[in-house]
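Visitor: I should like to understand how the terms used for a protein model are justified. Would you kindly take me through some of them?

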Amino acid sequence: GSSAGAEHIVESLPSRLHARYMHDSWGNKSNALNKAIETIDSGLVVFFDDDVEMHPDTLVSYSTTAREHGPEHFYGGDVRVEREECFPSGLANKFPASTTGYDAKNRLGRDGMVFLGFNWAACKEDLDRMGGFNPLLGPGSPIGTSVGDESDLQQRMMEEGMKPVAVPRATVTHHVPVEHTTLRWLLQRKYHVGVFIGLTTRKRDQDWIPLVRDMLRAFGVSLKGAFLADKEKIVVSLLSLYQTLGKAKGYLSGNKSAIKS
(Lines give C-alpha, C1' and ligand atoms only; values in the text may rest on other atoms or scores of the structure.)
Protein backbone atom coordinates (compact mmCIF):
# COMPACT_ATOMS: atom_id res chain seq x y z
CA GLY A 1 0.00 0.00 0.00
CA SER A 2 0.93 3.68 -0.07
CA SER A 3 3.02 5.39 2.59
CA ALA A 4 -0.03 7.50 3.46
CA GLY A 5 -2.06 4.35 4.06
CA ALA A 6 0.66 2.86 6.24
CA GLU A 7 0.90 6.08 8.24
CA HIS A 8 -2.86 6.06 8.79
CA ILE A 9 -2.74 2.48 10.09
CA VAL A 10 0.00 3.37 12.58
CA GLU A 11 -1.88 6.47 13.76
CA SER A 12 -5.00 4.36 14.40
CA LEU A 13 -3.19 2.01 16.79
CA PRO A 14 -3.66 2.39 20.58
CA SER A 15 -1.24 4.87 22.15
CA ARG A 16 -0.04 2.24 24.64
CA LEU A 17 1.74 0.46 21.78
CA HIS A 18 3.99 3.50 21.19
CA ALA A 19 3.93 2.76 17.45
CA ARG A 20 5.96 5.06 15.20
CA TYR A 21 5.78 5.56 11.45
CA MET A 22 9.02 6.15 9.54
CA HIS A 23 9.55 6.81 5.83
CA ASP A 24 12.71 6.79 3.73
CA SER A 25 12.78 7.53 0.01
CA TRP A 26 15.13 4.61 -0.74
CA GLY A 27 12.98 1.50 -1.32
CA ASN A 28 15.42 -0.89 0.30
CA LYS A 29 14.48 -3.26 3.14
CA SER A 30 17.93 -3.47 4.72
CA ASN A 31 18.24 0.32 4.75
CA ALA A 32 14.77 0.62 6.29
CA LEU A 33 15.65 -1.85 9.05
CA ASN A 34 18.93 -0.05 9.75
CA LYS A 35 17.12 3.27 10.01
CA ALA A 36 14.61 1.78 12.44
CA ILE A 37 17.33 0.15 14.55
CA GLU A 38 19.05 3.55 14.91
CA THR A 39 15.99 4.84 16.80
CA ILE A 40 16.18 2.09 19.44
CA ASP A 41 18.24 2.75 22.55
CA SER A 42 18.62 -0.78 23.91
CA GLY A 43 16.88 -4.10 24.46
CA LEU A 44 15.66 -6.95 22.30
CA VAL A 45 14.66 -6.18 18.70
CA VAL A 46 12.14 -8.63 17.21
CA PHE A 47 11.73 -8.81 13.44
CA PHE A 48 8.44 -9.68 11.71
CA ASP A 49 6.96 -9.01 8.25
CA ASP A 50 3.54 -7.64 7.38
CA ASP A 51 2.34 -11.01 6.04
CA VAL A 52 2.72 -13.00 9.26
CA GLU A 53 0.33 -13.50 12.19
CA MET A 54 1.85 -13.75 15.64
CA HIS A 55 0.61 -16.49 17.93
CA PRO A 56 -0.51 -15.34 21.41
CA ASP A 57 2.67 -16.35 23.28
CA THR A 58 5.24 -15.23 20.70
CA LEU A 59 6.44 -11.93 22.16
CA VAL A 60 6.36 -13.17 25.75
CA SER A 61 8.39 -16.23 24.71
CA TYR A 62 11.02 -14.04 23.03
CA SER A 63 11.24 -11.79 26.08
CA THR A 64 11.55 -14.70 28.53
CA THR A 65 14.21 -16.53 26.51
CA ALA A 66 16.24 -13.37 25.85
CA ARG A 67 16.32 -12.55 29.56
CA GLU A 68 17.62 -16.06 30.20
CA HIS A 69 20.40 -16.00 27.56
CA GLY A 70 21.09 -12.29 27.07
CA PRO A 71 23.35 -10.70 24.43
CA GLU A 72 25.83 -12.71 22.35
CA HIS A 73 22.85 -14.77 21.18
CA PHE A 74 20.16 -14.34 18.53
CA TYR A 75 16.75 -15.94 18.56
CA GLY A 76 14.18 -17.50 16.25
CA GLY A 77 10.85 -19.29 16.43
CA ASP A 78 8.69 -21.77 14.56
CA VAL A 79 6.99 -20.93 11.28
CA ARG A 80 3.61 -22.25 10.20
CA VAL A 81 2.16 -21.44 6.78
CA GLU A 82 -1.21 -20.66 5.30
CA ARG A 83 -1.02 -21.22 1.53
CA GLU A 84 -3.61 -20.03 -0.94
CA GLU A 85 -2.73 -22.84 -3.34
CA CYS A 86 -0.98 -26.21 -3.34
CA PHE A 87 2.48 -26.66 -4.82
CA PRO A 88 2.81 -28.17 -8.32
CA SER A 89 2.71 -31.95 -8.20
CA GLY A 90 5.99 -33.52 -7.11
CA LEU A 91 7.70 -30.20 -6.31
CA ALA A 92 6.73 -29.58 -2.68
CA ASN A 93 10.18 -30.57 -1.38
CA LYS A 94 11.86 -28.05 -3.72
CA PHE A 95 10.22 -24.98 -2.20
CA PRO A 96 11.92 -22.92 0.55
CA ALA A 97 11.07 -23.00 4.25
CA SER A 98 9.22 -19.67 3.99
CA THR A 99 6.52 -21.48 2.01
CA THR A 100 6.59 -24.85 3.79
CA GLY A 101 7.13 -23.86 7.42
CA TYR A 102 9.59 -25.34 9.91
CA ASP A 103 10.37 -26.03 13.57
CA ALA A 104 13.17 -23.72 14.69
CA LYS A 105 14.85 -26.31 16.92
CA ASN A 106 15.09 -28.87 14.09
CA ARG A 107 16.27 -26.20 11.64
CA LEU A 108 19.33 -25.49 13.79
CA GLY A 109 20.40 -29.09 13.38
CA ARG A 110 21.18 -28.54 9.70
CA ASP A 111 24.52 -27.06 8.66
CA GLY A 112 24.40 -23.41 7.77
CA MET A 113 20.68 -23.03 8.40
CA VAL A 114 19.49 -19.93 10.23
CA PHE A 115 16.17 -18.32 11.12
CA LEU A 116 13.88 -16.70 8.56
CA GLY A 117 13.73 -12.93 8.52
CA PHE A 118 10.07 -12.67 9.50
CA ASN A 119 10.45 -14.40 12.88
CA TRP A 120 13.69 -13.75 14.71
CA ALA A 121 15.24 -11.40 17.26
CA ALA A 122 18.57 -10.01 18.45
CA CYS A 123 19.83 -7.58 21.08
CA LYS A 124 20.31 -3.99 19.98
CA GLU A 125 23.98 -3.99 21.06
CA ASP A 126 24.71 -7.06 18.92
CA LEU A 127 23.00 -5.53 15.88
CA ASP A 128 25.10 -2.39 16.33
CA ARG A 129 28.26 -4.46 16.75
CA MET A 130 27.60 -6.17 13.41
CA GLY A 131 26.87 -2.92 11.60
CA GLY A 132 23.27 -3.87 10.87
CA PHE A 133 21.94 -5.24 7.59
CA ASN A 134 23.72 -5.06 4.25
CA PRO A 135 21.73 -2.80 1.84
CA LEU A 136 23.18 -4.68 -1.14
CA LEU A 137 21.21 -7.78 -0.10
CA GLY A 138 17.48 -8.41 0.16
CA PRO A 139 14.43 -6.63 -1.30
CA GLY A 140 15.44 -3.43 -3.06
CA SER A 141 19.00 -4.66 -3.67
CA PRO A 142 20.73 -2.55 -6.33
CA ILE A 143 22.56 -5.65 -7.61
CA GLY A 144 19.66 -7.98 -8.16
CA THR A 145 19.09 -10.33 -5.22
CA SER A 146 15.87 -10.18 -3.21
CA VAL A 147 17.11 -12.61 -0.56
CA GLY A 148 19.94 -13.00 1.92
CA ASP A 149 19.79 -9.88 4.08
CA GLU A 150 18.89 -11.74 7.28
CA SER A 151 20.93 -14.84 6.43
CA ASP A 152 24.03 -12.73 5.83
CA LEU A 153 23.66 -10.90 9.15
CA GLN A 154 23.00 -14.10 11.12
CA GLN A 155 25.94 -15.86 9.48
CA ARG A 156 28.20 -12.95 10.39
CA MET A 157 26.88 -13.14 13.96
CA MET A 158 27.84 -16.80 14.16
CA GLU A 159 31.29 -16.02 12.76
CA GLU A 160 31.67 -13.57 15.67
CA GLY A 161 30.77 -16.32 18.15
CA MET A 162 27.12 -15.45 18.74
CA LYS A 163 24.86 -18.46 19.30
CA PRO A 164 21.45 -19.10 17.72
CA VAL A 165 18.71 -20.05 20.17
CA ALA A 166 15.41 -21.67 19.16
CA VAL A 167 12.58 -20.12 21.19
CA PRO A 168 9.73 -22.42 22.24
CA ARG A 169 6.25 -21.06 21.48
CA ALA A 170 7.58 -18.06 19.52
CA THR A 171 5.46 -19.01 16.53
CA VAL A 172 4.14 -17.08 13.54
CA THR A 173 1.91 -18.12 10.66
CA HIS A 174 3.14 -16.93 7.26
CA HIS A 175 0.64 -16.15 4.50
CA VAL A 176 1.82 -17.62 1.18
CA PRO A 177 0.04 -16.16 -1.88
CA VAL A 178 -0.75 -18.14 -5.02
CA GLU A 179 2.14 -16.63 -6.97
CA HIS A 180 4.64 -18.02 -4.45
CA THR A 181 3.58 -21.60 -5.12
CA THR A 182 4.39 -21.68 -8.84
CA LEU A 183 7.33 -23.13 -10.74
CA ARG A 184 8.07 -19.71 -12.22
CA TRP A 185 8.43 -18.18 -8.73
CA LEU A 186 10.59 -21.10 -7.60
CA LEU A 187 12.95 -20.63 -10.55
CA GLN A 188 13.27 -16.92 -9.75
CA ARG A 189 13.89 -17.75 -6.12
CA LYS A 190 16.67 -20.19 -7.04
CA TYR A 191 18.28 -17.51 -9.19
CA HIS A 192 18.22 -14.99 -6.34
CA VAL A 193 19.63 -17.57 -3.94
CA GLY A 194 22.42 -18.18 -6.44
CA VAL A 195 23.19 -14.45 -6.63
CA PHE A 196 23.38 -14.33 -2.85
CA ILE A 197 25.73 -17.34 -2.71
CA GLY A 198 27.97 -15.82 -5.38
CA LEU A 199 28.04 -12.42 -3.71
CA THR A 200 28.94 -13.83 -0.31
CA THR A 201 31.67 -16.14 -1.61
CA ARG A 202 35.05 -14.62 -0.83
CA LYS A 203 37.13 -13.67 -3.86
CA ARG A 204 39.83 -16.22 -3.06
CA ASP A 205 37.21 -19.02 -2.87
CA GLN A 206 35.56 -18.26 -6.20
CA ASP A 207 36.15 -20.99 -8.77
CA TRP A 208 34.73 -20.58 -12.26
CA ILE A 209 35.69 -24.01 -13.58
CA PRO A 210 33.24 -26.08 -11.50
CA LEU A 211 30.65 -23.33 -11.93
CA VAL A 212 30.80 -23.57 -15.72
CA ARG A 213 30.86 -27.36 -15.46
CA ASP A 214 27.70 -27.32 -13.34
CA MET A 215 26.04 -24.95 -15.78
CA LEU A 216 26.81 -27.17 -18.77
CA ARG A 217 25.76 -30.29 -16.90
CA ALA A 218 22.41 -28.77 -15.89
CA PHE A 219 21.81 -27.59 -19.46
CA GLY A 220 22.65 -31.04 -20.81
CA VAL A 221 20.39 -32.82 -18.33
CA SER A 222 17.59 -30.43 -19.24
CA LEU A 223 17.95 -31.27 -22.94
CA LYS A 224 18.05 -34.99 -22.14
CA GLY A 225 14.92 -34.64 -20.02
CA ALA A 226 13.15 -32.84 -22.84
CA PHE A 227 14.15 -35.59 -25.28
CA LEU A 228 12.86 -38.28 -22.91
CA ALA A 229 9.78 -36.24 -21.93
CA ASP A 230 10.91 -36.60 -18.29
CA LYS A 231 9.24 -33.65 -16.56
CA GLU A 232 10.93 -34.20 -13.19
CA LYS A 233 14.40 -34.31 -14.75
CA ILE A 234 13.70 -31.10 -16.67
CA VAL A 235 12.50 -29.25 -13.57
CA VAL A 236 15.40 -30.38 -11.36
CA SER A 237 17.96 -29.42 -14.00
CA LEU A 238 16.32 -26.03 -14.57
CA LEU A 239 16.40 -25.29 -10.85
CA SER A 240 20.09 -26.14 -10.79
CA LEU A 241 20.75 -24.07 -13.91
CA TYR A 242 18.96 -20.99 -12.55
CA GLN A 243 20.87 -21.14 -9.26
CA THR A 244 24.18 -21.59 -11.08
CA LEU A 245 23.44 -18.63 -13.35
CA GLY A 246 22.63 -16.57 -10.27
CA LYS A 247 25.87 -17.64 -8.64
CA ALA A 248 27.79 -16.49 -11.73
CA LYS A 249 26.00 -13.13 -11.52
CA GLY A 250 27.04 -12.93 -7.88
CA TYR A 251 30.67 -13.66 -8.70
CA LEU A 252 30.64 -10.87 -11.27
CA SER A 253 28.94 -8.38 -8.94
CA GLY A 254 31.43 -8.42 -6.11
CA ASN A 255 32.80 -10.39 -3.19
CA LYS A 256 32.09 -10.62 0.51
CA SER A 257 34.63 -8.10 1.68
CA ALA A 258 33.46 -5.59 -0.93
CA ILE A 259 29.76 -5.73 -0.11
CA LYS A 260 29.80 -5.45 3.65
CA SER A 261 28.23 -2.18 4.70
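Guide: Let us begin with D207, which lies in the loop between α8 and α9 (208–228). Please bear in mind that this is a predicted model.

Visitor: Why is D207 called partly exposed?

Guide: Its relative accessibility is 39%. Buried means under 20% and exposed means over 50%, so D207, at 39%, counts as partly exposed.

Visitor: What makes the approach of D207 to I209 a polar contact?

Guide: The side chain of D207 reaches the backbone nitrogen of I209 at 3.2 Å. The cut-off for a pair of N or O atoms is 3.5 Å, and the pair at 3.2 Å therefore falls within that cut-off. As for another part of the chain, the C-alpha atoms of D207 and Y251 are separated by 9.2 Å, although the two residues are 44 residues apart along the chain.

Visitor: How do you know that the span of α8 is close to the expected one?

Guide: Helix α8 (residues 183–199) has 17 residues, and from its first C-alpha to its last it reaches 24 Å. At 1.5 Å a residue the expected value is 24 Å, and the span is close to it. The buried residues of this helix include W185, L186 and L187.

Visitor: Why is C86 called exposed and C123 buried?

Guide: C86 has a relative accessibility of 59%, and the limit for exposed is over 50%, so C86 counts as exposed. C123 has 9%, and the limit for buried is under 20%, so C123 counts as buried.

Visitor: How many disulfides are there, and by what rule?

Guide: The count comes to zero. The rule requires a pair of cysteine sulfur atoms within 2.5 Å.

Visitor: What makes β5 a mostly covered strand?

Guide: In strand β5 (residues 119–123), five of its five residues are buried. N119, A121 and C123 point one way, while W120 and A122 point the other way. In a regular strand the side chains alternate between the two faces of the sheet.

Visitor: How do you know that β5 pairs with β1 and with β3?

Guide: Pairing requires at least two bridges. Strand β1 (residues 44–48) and β5 have five, in the antiparallel sense, with F48 opposite N119. Strand β3 (residues 73–76) and β5 have three, also antiparallel, with F74 opposite A122.

Visitor: Which elements have the highest and the lowest mean pLDDT?

Guide: Among the elements of the protein chain, β5 has the highest, 98, and helix α11 (residues 256–259) the lowest, 42. The chain averages 87.

Methods:
Residues are numbered from 1 along each chain as its sequence is written. This is a predicted model: local features need pLDDT of at least 70, side-chain atom pairs count only at pLDDT 80 or more; totals for chains, interfaces and linings use all residues. Side-chain values use heavy atoms; hydrogens and water are left out. Buried means under 20% relative accessible area, exposed over 50%, partly exposed in between (1.4 Å probe, protein chains only). Helices (H or I, at least four residues) and strands (E, at least two) are DSSP runs, numbered from the N terminus. The expected span of a helix is 1.5 Å times one less than its number of residues. A polar contact is a pair of N or O atoms within 3.5 Å; within protein, one must be able to donate a hydrogen and the other to accept it, and residues adjacent in sequence count only if both atoms are side-chain atoms. pLDDT is the predictor's confidence in each residue, from 0 to 100.
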